[in-house]
Number of protein chains: 2
Amino acid sequence: MSLLEKWAVFAARNMSEFRVVPVNLHDELVTQAYQARGYDEDESQVAAEVCRDATRHGIRTHNALKALHLDHLFGSAVGGCVPGVEVEVVNRRFKASEVWNANRKLGQAVAVAAIDRCIELADEYGVGQVSIDNAFHYLWGGGYVMKAAERGYIAYTNCTSTLAEVVPFGGKFPTLGTNPHSWGFPTQDANGFPIVIDWATSTVAMGRVQQLKREGKSLPPGAAVDEEGNETLDPNQVAALLPFGAHKGYGMALMNELVGGFIGGSLPTIRGREGAKTTSCFYFQVIHPDAWDSGASVGGGQMGNVKEVIDDILGHGNEGCLLPGQIEAGFRARTDAAGGLLFSDAELGEFKELADGLGIGGWDIENFGVEPA
Amino acid sequence: MSLLEKWAVFAARNMSEFRVVPVNLHDELVTQAYQARGYDEDESQVAAEVCRDATRHGIRTHNALKALHLDHLFGSAVGGCVPGVEVEVVNRRFKASEVWNANRKLGQAVAVAAIDRCIELADEYGVGQVSIDNAFHYLWGGGYVMKAAERGYIAYTNCTSTLAEVVPFGGKFPTLGTNPHSWGFPTQDANGFPIVIDWATSTVAMGRVQQLKREGKSLPPGAAVDEEGNETLDPNQVAALLPFGAHKGYGMALMNELVGGFIGGSLPTIRGREGAKTTSCFYFQVIHPDAWDSGASVGGGQMGNVKEVIDDILGHGNEGCLLPGQIEAGFRARTDAAGGLLFSDAELGEFKELADGLGIGGWDIENFGVEPA
């Protein structure tokens, strides 16, 4: 059994029962929901594709329901995101670099375009970067670098989160976003799927704190502080989050603020709230793998060498370890085997409401077959 | 009192008493020690400068004594490092990218040259990268990106460590190096010193485990495993280290192995030991800050915007927080005020031995004034 098959089994075993929704039904509903909010056809289709990809890989925190909810809270409903607006290139002084003013265009559309441009630059220069001011939430950063990796490129993105929820190491007041980083490596020919290292720089997300509160459970150590800035394990006492890994994760969270600061972005504590400038920044970078190749690999070329390195890491008794991106690859295998997107009954209830509001039929829960856990 | 002054005081208060060694005496001894091992004048001078910089910033784990010890264990004494050898550019297919075969040249000399070349590339392309195969230990990665930041650039480096001492998340056998990452940001005009985010991806270093063992103390949680791969707090039971921050730090440690794998580097478990190819890889990247600038900063230009972001993060009750690089900047201020490099009596004992071996006088401990803690 290959590692991928093993973890597909693992992912399947550890997930709940789902119902199977045809991809075209999902995409049609999501596209129409975005169009109803004023987004044009291209934007709405990209939005639906990005949501579909998140669901296909088991990223339930960034499915279409969450995307539309974020748009409602911070986006088109309140001016944080502007349907139909154009992106401007404001700086192309350097040959392998561009800076864009996104003008608060839909984040998913901006991110997809930025990766495309970075790939063009990487094809010529070996590395290309696009920095973006006045951005609106791009949802699942891992998805963009995963797609670039599937096309054969090494890709990286970070962004400043909408809200400042994280306390600097040693501090008491949240002045940092949960500021995620995402790296994708085109290792599919070595281990069956792209390695995607993708996480926020808080130990847990605020959504997880709410969940533990509802379940009456404790937080893990190093996850949150109370109003006084003292660490707490009690979700009811949480005033703000802590960076993962103490000062090391703090450095990773700070980095996105510095990148945003150099781009010209807003202050973390007014972002997503009020004041003169409240938008986020995105940063994208793509590298052509040939631009790293010393040609010194012994047998199997560059990818053969990558495979030998990965096999060495997962050998010697470490055969049960996961690679980053493996759970997502496993969930994708389960999704593809089911022949549609997998949603819980609760999620389908929300989709039904959304469909009813748009006058779209076909979303009665009994229409969808059950895919057992 | 500025933050820098405050932390200079902090650093001073928390450090031991030292003796003050004139810089030229230090550099002369270290240069001669390298020359005695066969390194040429240029290599030896760069080696001395890098060691001097580490000591000036309080990086006592990477001073000249450690550098020479590493060279003895893994370097010129055993063929891991080759004095006087030339670096070859083996891949310049892409305009903003180069790949070098270092041919096991002294790591410090290779790193300094790589940063210089990256800066030239960044001046033209906005971003430049140099990937290096067959490298030998460059010691303090933070020093190279700090120097680039002082010259006004954003810089990044990672490398694969000589030995595999770290267990992948969920594993039991060490198949990853302590694999450090170093980022430098030219923020000196905003906060008084370059922000330098610089750490290994293990929770603690193996040297720290040895120290705790000698002192009869426990390890912090999440730092190490025993022979069976079970986490242990007992330094006597330690068989291998754990990545910091669970799966997130594991991703950061894995990243260096992937970069090394794409370059064509060796397998982690044979690196620094035996087998066909046992060398490390380096990766360097430099970005021109203008290549990130949207021009949208309100007042004070790009650096004014960076300053506002940093002030926001360290405001709101977080005034006591450190910025990465601040302790090093504080120690440097103490060093410069003392008018020489600061060493402990134990370190001076080792320098005296080294000097005696080379027939160099002037290293009697009473020659050096005491700088109180």
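1. A strand, in this note, is a DSSP run of E that covers at least two residues, and strands are numbered from the N terminus. With that in hand, look up B:Asn134: this residue sits in strand 4 of chain B, which covers residues 127-135. Keep in mind as you read that the whole thing is a predicted model.

2. Stay with B:Asn134 for a moment, since its backbone deserves a look. Most residues other than glycine have a negative phi. B:Asn134 is not a glycine, yet its phi is positive, at about 55°. Is this residue buried or exposed? Its relative accessible area is 17%, and buried means under 20%, so B:Asn134 counts as buried.

3. B:Arg104 has a similar story to tell about its backbone. Its phi is near 65°, again a positive value in a residue other than glycine. You'll find B:Arg104 in a loop of chain B, between strand 3 (97-101) and helix 5 (107-125). Its relative accessibility is 34%, which puts B:Arg104 in the partly exposed group.

4. Now go from B:Arg104 to B:Glu86. Counting along the sequence, the two are 18 residues apart, and their C-alpha atoms are 9.0 Å apart in space. B:Glu86 belongs to the loop that runs between helix 4 (64-74) and strand 2 (88-91) of chain B. If you skip its neighbours within four places in sequence, what does B:Glu86 touch? The residues in contact with B:Glu86 are B:Asn101, B:Ala102 and B:Asn103. Even with those contacts, B:Glu86 counts as exposed, at 60% relative accessibility.

5. Over to chain A, seen as a whole. How many helices and strands does chain A have? There are twelve of each. Its radius of gyration is 21 Å, close to the 21 Å that the globule rule gives for 373 residues, so chain A is as compact as a globular protein of that length. If you like to picture a box, the C-alpha atoms fill one of roughly 60 × 50 × 45 Å along the principal axes.

6. What about the inside and the outside of chain A? Buried residues account for 57% of its 373 residues. Of the contacts in chain A with a separation of 6 or more, 66% link residues 24 or more positions apart. The chain exposes about 13900 Å², and 50% of that comes from carbon and sulfur atoms. As for charge, chain A has 29 positive and 47 negative charges, and the mean positions of the two sets are 3 Å apart.

7. Two residues of chain A make a nice contrast. A:Ser44 lies in helix 3 (residues 41-56) and is buried, with a relative accessible area of 0%. Beyond its neighbours within four places in sequence, A:Ser44 is in contact with A:Thr31, A:Tyr34, A:Gln35 and A:Tyr39. A:Arg214, on the other hand, is in helix 8 (residues 206-215) and is exposed, at 67% relative accessible area. From A:Arg214 to A:Glu41 is 173 residues in sequence and 39 Å from C-alpha to C-alpha.

8. Last, the place where the two chains meet. The size of an interface is often given as the accessible area lost when the parts come together. For chain A and chain B, that buried area is about 7000 Å², with 66% of it on carbon and sulfur atoms. On the chain A side, A:Lys248, A:Phe262 and A:Trp292 supply 13% of the area buried against chain B, more than any other three residues. The contact takes 90 residues from chain A and 90 from chain B.

Definitions and conventions
Residues are numbered from 1 along each chain as its sequence is written. Chains are lettered from A and ligands numbered from 1 in the order in which they are written. This is a predicted model: local features need pLDDT of at least 70, side-chain atom pairs count only at pLDDT 80 or more; totals for chains, interfaces and linings use all residues. Side-chain values use heavy atoms; hydrogens and water are left out. Helices (H or I, at least four residues) and strands (E, at least two) are DSSP runs, numbered from the N terminus. The radius of gyration is taken over C-alpha atoms; the globule rule is 2.2 Å times the number of residues to the power 0.38. Buried means under 20% relative accessible area, exposed over 50%, partly exposed in between (1.4 Å probe, protein chains only). Contact means heavy atoms within 4.5 Å. Accessible areas come from the Shrake-Rupley method with a 1.4 Å probe; for residues, only the protein chains shown count as cover. Lys and Arg count as positive and Asp and Glu as negative; His and the chain ends are not counted. The place of a charge is taken as NZ of Lys, CZ of Arg, CG of Asp or CD of Glu. Buried area is the accessible area (1.4 Å probe) that two parts lose on being put together, summed over both.
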